[in-house]
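Colleague: I would like to go through this model with you, one question at a time. Please give the reasoning before each result.

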Amino acid sequence: MKRGAIIGIVVIAIAIAMIISIFTDSSTYANFTEAKAAKEELHVVGYLNKTKELHYDPVKDANLFSFYMYDKDSVECKVVFIGAKPQDIERSEQIVLTGKMMGNEFRASKILMKCPSKYNKDKVEIKAASAV
Amino acid sequence: MAIKYAGESLLPGQLGQFFVVLAFGSALLSFISYFFATKNKDDFSWQRIARSAFWINLISVVGIGSCLFYIIYSHQFEYYYAWSHSSRALPVYFIISSFWEGQEGSFWLWTFWEAVLGAVLVFKAKTWERPVMVSVMLCQTLLGLMLIGVEVFGQRIGSSPFILLRNALDLKEMAPVLFADPTNLSNYLNYIQDGEGLNPLLQNYWMVIHPPTLFLGFASMIVPFSFAFAGLWQGRHKEWMKAAMPWALFAAMVLGTGIIMGSFWAYEALNFGGFWAWDPVENASIIPWLTLIGGIHVMLAYRNSGHAYFTAAFLLLLSFVLVVYASYLTRSGVLGDTSVHAFTDLGMSWQLIIFNLIFLGLMIWVLVYSRKEMPISKKDEETYSREFWLFIGALFLVLACLHIIAFTSIPVVNKLFGTKIAPPVNIVAHYNQWQSGFAVIITLLTGVTQFLKYKRTDPRKFYASLVVSVIVAAVITAIVAYITGAYHNLVYILLTFAAIFSIVSNARILGDALKGKWKLAGSAVAHIGFGLLLIGGLVAAATNKIVSVNQSGDIPVAGFEDVEKPGDNLFLNEGVPANMGQYRITYVGDSVSGVDVFYKVNYERLDKSGKVTEKFQLQPKAQQNAKMGLIGTPSTRHYINRDIYTIITAANRIESLAGDGHDHADGQEEDPLKGYEEPVIHEVKVGDTISYRTGYMLIKGVNKAAKLENIPLGANDVLVGLTVEVHANDEKVYTAEPVLLIKEGRIYDFGKDVAQEGLKLRFSNIMPQKDRLELTVYQKPKPEKKWIVMKAIEFPYINFFWCGTIIMTVGFFMSILRRSKELNKKEA
């Protein structure tokens with residue numbers, strides 16, 4: 001067999017392995033209802049329920065943080081995260097969770113927040129005119 | 001009716017906007033003129049126009065930067081860019097970094113570097129100036145368009161940094177009550193005292209230096225592209241690579257340094273807990289670097305053997321196309337779901353897509369156009385030749401790159417096809433697994449090729465010299481594996497071996513260089529640096545371990561203990577030591593300096609018998625930012641062979657710094673009793689003593705002659721004060737006189753604070769029938785015991801990573817010197 005052909009076969013084999021890994025390794029975006037049915041870890045995109053309490057009591061347990069989140073279909077679910085409370089989560093516009101359902105709770109292994117690019121998106125801070 | 005706004009300084013913005021338009025116009029003119037100058041070789045008039053237009057472009061770009069800097073520096077918050085990226089409190093060097101916090105500023109940085117590189121080309125490129133500057137100025141035109149910020153047929157083109165705050169935002173919507181009054185609206189600047197400030201994460205000196213370096217790297221990628229393009233277009237196939245080589249090396253060196261600076265910044269100053277997270281934004285910057293490195297190696301193969309011409313041209317062109325693709329990924333907002341660092345969309349994604357398509361189109365066109373003329377050799381390379389294995393190495397670099405592109409582009413695929421693919425759940429493990437595989441092959445090749453000659457090598461000699469290095473490398477690997485406590489992971493052992501083998505083989509070349517063959521030293525040094533970088537980066541840091549593992553044995557949530565690993569965060573009360581691995585750590589207090597709080601954490605290393613063998617203190621810093629909450633900056637103890645990295649993840653709130661986080665827009669009053677405990681009501685008479693948590697109070701008397709400012713008293717009104725002496729436990733004495741007013745039959749009372757003791761006293765009623773006075777005491781809750789939550793990570797052998805980077809950069813620099821000397825010699 002020609003050497004060029006061998007190289008070609010090796011390259012194609014690696015490329016195929018990569019494509020397969022896209023299907024086997026990659027996860028899916030789901031809502032909480034779908035997450036309940038699924039066995040494996042997946043991603044849920046949603047929004048923080050700002051009216052309910054975000055529970056983080058480091059004095060008791062520095063590695064337990066829980067909150068309530070709506071998915072994109074407005075289904076609410078309790079989310080439990082083993083770790084410290086991510087800074088700035090109150091301000092997040094959108095949250096992407098990685099994890100799986102356990103009973104009625106979603107066990108997050110990773111929390112990715114999308115925050116306004118600046119602190120307070122386009123909210124002018126008005127201060128009373130002082131002598132300055 | 002047009003409103004006249006008071007106090008605005010419009011000149012710098014108008015001047016800046018003028019320069020923006022001029023920069024675009026002159027770039028376009030220069031591009032067109034260089035194009036015709038290339039077409040009409042004997043006509044110098046086009047070149048004269050092109051050059052003048054280029055110089056105007058350079059001046060305008062500098063002008064844009066100066067105006068913008070002036071605006072930010074003099075705190076002109078009537079400009080949206082200054083308002084949203086800076087504040088009065090920022091020191092000068094952070095004003096520089098707020099300059100490029102936004103997209104507009106970073107585009108400016110790009111065009112600025114491109115203009116500077118253009119100037120070098122105008123002076124140095126000689127016969128290449130005209131064709132090379134065509135694509136440089138085309139890119140400059142397209143970048144100019146990104147800053148122009150005008151609307152054409154209802155579609156905004158670009159985003160100008162000189163837009164006014166009142167045009168960027170709807171002020172009336174922000175504060176409807178206040179700005180309903182036209183006088184207030186025209187004096188709106190009086191109400192805007194300060195800008196939004198710079199994100200605390202970016203307030204770091206690395207943020208001053210990292211973006212300019214990275215953008216110089218991105219900008220310089222256009223030059224090798226332009227040489228390749230010009231060479232193919234003008235049919236100068238034999239010459240262009242020599243001229244492009246120093247530029248390609250320069251781009252690879254600067255971009256590589258810029259990327260690693262970013263990772264050093266993340267490691268030293270950010271709270272990501274590491275130096276490389278395979279975040280899409282990081283990936284986007286490394287993609288073009290990999291193809292460029294591949295391209296450089298294949299160029300060498302072609303110049304020495306005549307093989308692989310197409311691959312070299314293709315990779316050099318592709319590298320810049322990927323730079324543009326990377327800027328699409330990071331700037332269009334498409335990565336929103338997968339990256340924390342990407343910019344949000346400024347409504348310019350379509351413009352970025354066009355930018356991509358133009359350069360992709362140019363690449364395809366020139367490759368097709370010149371396909372027949374390309375010097376492609378018909379003969380296969382010898383198996384035992386350097387060029388063949390250089391080609392294989394480049395092939396694997398491209399495959400590695402393809403893998404990163406494929407997984408980073410998942411959001412793009414979702415957008416194009418409406419699919420819902422999410423990245424792998426454990427993305428870091430996924431990348432590490434694949435990329436270490438590629439890295440093993442590529443690193444082995446950087447060693448093996450050192451034993452091969454161009455064109456043909458005698459296989460027996462090759463194996464004979466190879467075998468020595470393999471044995472040496474195997475022995476060192478075994479020693480390293482033993483010292484570091486053995487790697488359990490086969491991939492890491494292979495990678496360590498590959499890196500050590502590469503270092504050994506290249507050190508041999510370096511040995512020859514010391515005997516006088518200096519020419520080859522550059523690549524050897526760069527390869528050694530790369531080997532060290534790999535050892536530090538992939539092998540050692542991938543085995544980092546969290547040392548702050550919760551050892552109290554607490555079960556986080558009942559029922560889950562079998563599935564959950566213990567948490568990474570450790571809770572520490574002030575003064576109470578905790579054991580963490582081989583350390584005993586104690587949080588001993590904090591000190592406040594400006595906006596930063598330094599948390600002092602003592603580390604004591606204990607040996608097996610419990611004796612302290614080493615003591616040191618780390619002071620991880622955190623900003624308690626009213627708007628963003630607690631933002632930690634790690635503190636790291638550096639050793640030669642490892643780092644102990646410590647970061648605060650939570651701590652007590654410090655009210656004076658954190659504030660209440662609310663904006664009191666439109667004069668909303670805060671509840672004056674906020675932060676106090678439930679009040680205690682005492683019925684007292686003069687002479688009574690009341691105790692409170694940290695002392696006691698003495699009722700001294702009733703003051704009938706009390707006075708209140710601004711409130712005139714009627715004939716039947718009563719105003720009395722109650723004099724209270726507060727004796728604190730620390731023996732300090734304070735006097736307070738809350739007053740009670742009975743006006744037209746209604747009771748009002750005016751409380752008094754004793755702030756030092758956290759008390760508020762209200763004289764709330766008089767009860768004549770009982771002969772008692774009512775005193776209501778509010779007290780602030782007991783100050784919480786100080787605590788912190790911290791995370792500590794041990795990074796073994798990370799210094800190899802940084803050292804390797806520096807050595808690799810030095811190697812690149814040596815190669816640049818050699819290649820540009822070669823170039824000058826030939827032309828002389």
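Colleague: How are α13(B) and α14(B) oriented to each other, roughly parallel or roughly antiparallel?

Modeller: This is a predicted model. In it, the axes of helix α13 (residues 280-305) and helix α14 (residues 309-331) of chain B come within 8 Å and cross at roughly 170 degrees. Angles over 145 degrees count as roughly antiparallel. The two helices, α13(B) and α14(B), are therefore roughly antiparallel.

Colleague: How many charged residues does the contact of α13(B) with α14(B) have?

Modeller: Sorted by class, the contact of α13(B) with α14(B) has 18 nonpolar and seven polar residues. For charged residues in this contact, the number is none.

Colleague: Is Ala308(B), in the loop between these helices, buried or exposed?

Modeller: Ala308(B) is not a glycine, yet its phi is positive, about 65 degrees. Most residues other than glycine have a negative phi. A residue with 20 or more other C-beta atoms within 10 Å is buried. Ala308(B) has 24 C-beta neighbours inside 10 Å, so it counts as buried.

Colleague: And Asp771(B), buried or exposed?

Modeller: Asp771(B) is in the loop between β22 and β23 (772-779) of chain B. Its phi is also positive, near 55 degrees, and it is not a glycine. The cut-off for exposure is 12 or fewer other C-beta atoms within 10 Å. Asp771(B) has 9 such atoms, so it is exposed.

Colleague: Which are the edge strands of the open sheet β14-β23-β22-β21 (chain B)?

Modeller: The sheet has four strands in that order, with antiparallel pairing. An edge strand here pairs on one side only, and this applies to β14 (680-684) and β21 (752-754) of chain B. From one strand to the next the twist averages 30 degrees. The edge strands are β14(B) and β21(B).

Colleague: Which residue of β22(B) stands opposite Val754(B)?

Modeller: β21(B) pairs with strand β22 (residues 759-767) of chain B in the antiparallel sense, over three bridges. Opposite Val754(B), in β22(B), stands Leu759(B).

Colleague: What span should helix α5 (residues 103-124) of chain B have, and how far apart are its end C-alpha atoms?

Modeller: α5(B) has 22 residues, and at 1.5 Å a residue the expected span is 32 Å. This agrees with the separation of its end C-alpha atoms, 31 Å.

Colleague: How many residues of α5(B) are buried?

Modeller: The helix is largely enclosed by the rest of the structure, because most of the count falls on the buried side. Lys126(B), which follows α5(B), has a positive phi near 50 degrees. Of the 22 residues of α5(B), the number buried is 16.

Colleague: How far is Gly361(B) from Val321(B) in space, C-alpha to C-alpha?

Modeller: Gly361(B) is in helix α15 (residues 349-369) of chain B. With 11 C-beta neighbours inside 10 Å, Gly361(B) counts as exposed. In sequence, Gly361(B) and Val321(B) are 40 residues apart, and their separation in space is 9.5 Å.

Colleague: How far apart do the C-alpha centres of domain 2 and domain 4 of chain B lie?

Modeller: The domain assignment places domain 2 at 207-423 and domain 4 at 676-779. Along its principal axes the C-alpha trace of chain B spans about 120 × 85 × 50 Å. The C-alpha centres of domain 2 and domain 4 of chain B are separated by 75 Å.

Key. Residues numbered from 1 in each chain as written. Chains lettered and ligands numbered in written order. Predicted model: local features only at pLDDT ≥ 70, side-chain atom pairs only at ≥ 80, totals over all residues. Domains from an automatic or database assignment. Axes fitted to C-alpha atoms, helices over the stretch in contact; angles between N-to-C directions. Parallel < 35°, antiparallel > 145°, perpendicular 65-115°, else oblique. Nonpolar A, V, L, I, M, F, W, Y, C, P; charged D, E, K, R; others polar. Pairing = 2+ DSSP bridges. Expected span 1.5 Å × (residues − 1).
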